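User: I am new to this structure and would like a close look at a single part of it, namely one place where two helices pack against each other. Please set that part in its surroundings as well.

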Amino acid sequence: MTDLRSLVSKIRSKNAGPFWLTIDIFCGTAEAFDQVSGGLSTSRVAAVFGAEEQSLKRFDIPDLNVVKFSLPRPTVQGAIDDRDMHGASWAALIGEIAL
Amino acid sequence: MVRVLVPSGALGLNYDKQALQRGIAAKPDIIAIDGGSTDSGPSYLGRGVSKYARASTKLEWAGLMAARAEANVPLVIGTAGTCGADSAVDWMLDITREITAEQARPLKIAVLRSSQNPDDIAQAFEAGQIMPLANAPEVTSEDIRACSNIVALAGAEQIAAALETGADIIIAGRTTDTAIIAALPLMRECHAGGAWHGAKIGECGALCATNPQSGVIMIDFDATGFTVTPLADGAHASPHTVSAHMLYENSDPFILYEPGGHLDVTAAKYSAVDGTSVRVEGSEWVASDRYTVKLEGARPAGFRTVVMALLRDPHYVANAALWAKDIEGKCRAKVIERMALDAEDFTLELRLIGHSASFGALETQTATPFEIGVIGIITAPSEAQAAEIGKLLNPYLLHHPLTQEEEQPTFAFLFSPPEMHQGQVYEFALNHVLHLNDPMEAFGLEVIDID
């Protein structure tokens, strides 16, 4: 078992507008891309957010060695219960997924 | 060909002066810079104010106005004053007037206004002219009327109308990030897919290249596509850095919706011109049947007071979650009893910084830290009520024991008083589009001559 962070070159999470969140996993190499693309299930990522798997959009982009997920923001940006205005911290939690 | 100079991703983030000068020497047809986004949260739109310091905005804008005069081309700012509401546009106009006087140069300024009257938007909503986008909040016409500010995002058509006035400077309210860059290439019949794609690549300045904080980039648009060139020392674009920028803050890296259609970059080909510039062709613009503009709205969501304390005693650090839950329950009950508020009238939450503040129940780490910051977050219908709840919370954060058997503890307050009042808070209320029969229908255009 190894965590996702140690396998890839960078993980970024950001708002895509106030109502959506997007996570970009930059794998760095074709080999790492194959490992992440084949080994990281959408349901594992959904579980990090406590979200339904069907609510995630997934893009596996071999040209960039990137796997990208987008989902409705767990809380609307800036709502009373929001914890992270720019949605930036989620990348850390995604990085801790064990593959 | 149309050459667009983009000094940085946003006015207020600074730009590399030497690189800007290189851009001016390359004779651009227009200088375009973004002034904001929703990314800093609902308060700026709610209040209709800028996030950036006036001093930074004025200094950077003065530099761009001088560069504009040297190049003798239009200078356009989109989403002026962070949120692009009329009050923020007026703030930007006021700064521009000051600089105009200081630079002693007569100017023609076009002002494009994007603010909407909430009553008009509520009526359009009732008339079925407003459609929700994916994951839009449920709204009623009453929710819409409660918004303190609603803006419509202008597209290339409205920027084109402003450019057609022959203005030297265009101060635009809320626009899409791309519209200010795409407008002139589209007016001059450059490739439409290339115009929008190049605009998306360029809207964050040099973020599509190495040395992203250098800001300045130049984009050349033509009949088949575009070429992007970062201008600062040490900044290089590659097919990878440019194509990867389509990922940035986009929920779909291949499709981008704009007023009047969408961009599809699925078939785009990125190629290196040299070590610094990248050529892109093959992106497609797909026009829509109906012309719609996106709406953003913010409405008041109560008044907030926050209270902070620090836990350093190992016994309390180890049991912080239990301690915080106990305080929340007891303090909420006291608010209901002593202030005659209902449970749904206010919120009171303790978050434990260093423990679970980032993700709450979704946190997966369990190691015990050596200290924990406690932040009590209160919202209430009035400022006075939020402050009063803060005072009710205060003694708990100072002295609350885990059990009645133990000695009364005392925790660290950072300030006297520990309560901090944030005033009115806001929430985003709209993720919708408005149907227009004419692109200018929802926007105002004014031309001001300053001698």
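Analyst: What follows looks at one pair of packed helices, after a short view of the chain that holds them, and then turns to the neighbouring chain.

The model is a predicted one, and the pair of helices belongs to chain B, in which there are 13 helices and 22 strands. The C-alpha atoms of chain B fill a box of roughly 80 × 50 × 50 Å along the principal axes, and of the 451 residues in this chain 50% are buried. When the contacts in chain B with a separation of 6 or more are considered, 76% of them are between residues 24 or more positions apart.

Two packed helices are described by the angle between their axes and the distance between the axes. For helix H12 of chain B, which covers residues 320-339, and helix H13 of chain B, which covers residues 383-399, the axes come within 10 Å and cross at roughly 135°. An angle over 145 degrees would count as roughly antiparallel, and one from 65 to 115 as roughly perpendicular, so H12(B) is oblique to H13(B). The crossing in which H12(B) passes H13(B) is right-handed.

On the side of H12(B), the residues that make this contact are B:Ile327, B:Lys330, B:Cys331, B:Lys334, B:Val335, B:Arg338 and B:Met339. They meet B:Gln385, B:Glu388, B:Ile389, B:Leu392, B:Leu393 and B:Tyr396, which are the residues that H13(B) brings to the contact. Sorted by class, the contact of H12(B) with H13(B) has eight nonpolar residues, four charged residues and one polar residue.

Elsewhere, chain B touches chain A, in a contact that takes 29 residues from chain B and 33 residues from chain A. On the side of chain B, the elements that give two or more residues are helix H10 (239-244) and strand S20 (419-428), and H10(B) gives the most, with three residues. This side of chain B divides into 14 polar, 11 nonpolar and four charged residues.

The partner, chain A, has four helices and four strands, which follow the pattern α-β-β-α-α-β-β-α when read along the sequence. The radius of gyration of chain A is 13 Å, close to the 13 Å given by the globule rule for 99 residues, so chain A is as compact as a globular protein of that length. The C-alpha trace of chain A spans about 40 × 25 × 25 Å along its principal axes, and 39% of the 99 residues in chain A are buried.

How values were computed: Residues are numbered from 1 along each chain as its sequence is written. Chains are lettered from A and ligands numbered from 1 in the order in which they are written. This is a predicted model: local features need pLDDT of at least 70, side-chain atom pairs count only at pLDDT 80 or more; totals for chains, interfaces and linings use all residues. A residue is buried if 20 or more other C-beta atoms lie within 10 Å of its own, exposed if 12 or fewer, and partly exposed in between; C-beta atoms are placed from the backbone. Two residues are in contact if their C-beta atoms, placed from the backbone, lie within 7 Å. Ala, Val, Leu, Ile, Met, Phe, Trp, Tyr, Cys and Pro count as nonpolar, Asp, Glu, Lys and Arg as charged, and the others, Gly among them, as polar. The radius of gyration is taken over C-alpha atoms; the globule rule is 2.2 Å times the number of residues to the power 0.38. Axes are lines fitted to C-alpha atoms, for helices over the stretch in contact, and angles run from 0 to 180 degrees between N-to-C directions. Angles under 35 degrees count as roughly parallel, over 145 as roughly antiparallel, 65 to 115 as roughly perpendicular and the rest as oblique. A crossing is left-handed if the near helix is turned anticlockwise from the far one by less than a right angle, and right-handed if clockwise.
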